[in-house]
Amino acid sequence: MIKIVISFFLIIGTFFIFSGTLGVLRFPDVYSRLHAASKASTLGVSGILIGSFIYVLSEMQLFSGKLILGILFVLMTAPVAGHMISRAAYRTGVPLSEKTVFNDLEENNKSNRG
């Protein structure tokens, strides 16, 4: 039963990493690519690390604090890094996709100016 749970987390993690890779390759602009990369990498790496943690705990009877810290580090830093990179891209004038329907930041900037 433990091996099934370990396999589940590893497969889910691999799925998210693979889907994030497809998102980076297929999405039209830097903002949606960053969204795909940050969300998918967070879930993917966390799934693989959880599977690794359960494996080390069940097979080797070791509690790996490094894996727990790795999970926490990824969960805290990857979304923030993606947000900060997209914010820097927006502020430097990287254009949105032609398919973008609504730019909430532009609307907020207009209402603050006048």
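**Exercise 1. Find which residues Ser64 touches in this predicted model, setting aside residues up to four places away in sequence, and classify its burial.**

Solution.
- Step 1: contacts. With that sequence filter applied, Ser64 touches Phe53 and Val56.
- Step 2: location. Ser64 sits in the loop between helix H2 (30-59) and H3.
- Step 3: burial. The relative accessible area of Ser64 is 17%. Buried means under 20%. Ser64 is therefore buried.

**Exercise 2. List the residues of the largest nonpolar core and state which helix gives the most to this core.**

Solution.
- Step 1: members. The core has seven residues: Ile6, Leu49, Phe53, Ile54, Val56, Leu67 and Ile71.
- Step 2: helices. At least two core residues come from H2, and at least two from H3.
- Step 3: top contributor. H2 gives the most, with four residues.
- Step 4: link back. Phe53 and Val56 belong to this core. Both are also touched by Ser64.

**Exercise 3. Take Ile54 and find its contacts beyond four places in sequence.**

Solution.
- Step 1: contacts. Ile54 is in contact with Ile2, Val5, Ile6 and Phe9.
- Step 2: place them. Helix H1 covers residues 2-26, and Ile54 falls within H2 (30-59).
- Step 3: core overlap. Ile6 and Ile54 are both members of the largest nonpolar core.

**Exercise 4. Describe the setting of Thr77: its helix, its exposure and its side-chain reach.**

Solution.
- Step 1: element. Thr77 is part of helix H3 (residues 65-91).
- Step 2: exposure. Its relative accessible area is 32%. Partly exposed runs between the 20% and 50% cut-offs, so Thr77 is partly exposed.
- Step 3: polar reach. The Thr77 side chain comes to 2.7 Å from the backbone oxygen of Phe73.
- Step 4: sequence against space. Ser38 is 39 residues from Thr77 in sequence, yet their C-alpha atoms are 9.5 Å apart.

**Exercise 5. Compare the UniProt "transmembrane region" spans with the model.**

Solution.
- Step 1: spans. The unreviewed UniProt entry lists residues 6-25, 37-57 and 63-81.
- Step 2: residues 6-25. The model gives 100% helix and 0% strand, with end C-alpha atoms 29 Å apart.
- Step 3: residues 37-57. This span is 100% helix and 0% strand, and its end C-alpha atoms lie 29 Å apart.
- Step 4: residues 63-81. Ser64 and Thr77 fall in this listed span. Ser64 lies in a loop, while Thr77 is in H3.

**Exercise 6. State which element has the lowest mean pLDDT and which the highest.**

Solution.
- Step 1: whole chain. The mean pLDDT is 88, and 90% of residues reach 70 or more.
- Step 2: extremes. Helix H4 (residues 104-113) has the lowest mean, 64. Helix H1 has the highest, 94.

Terms used
Residues numbered from 1 in each chain as written. Predicted model: local features only at pLDDT ≥ 70, side-chain atom pairs only at ≥ 80, totals over all residues. Heavy atoms only, no water. Buried < 20%, exposed > 50% of the residue type's maximum accessible area, 1.4 Å probe, protein only. Polar contact = N/O pair within 3.5 Å; in protein donor to acceptor, adjacent residues only side chain to side chain. UniProt positions renumbered as here; feature names shortened; annotations may be inferred. Contact = heavy atoms within 4.5 Å. pLDDT = per-residue confidence, 0-100. Core = buried A, V, L, I, M, F, W, Y, C linked by side-chain atoms within 4.5 Å.
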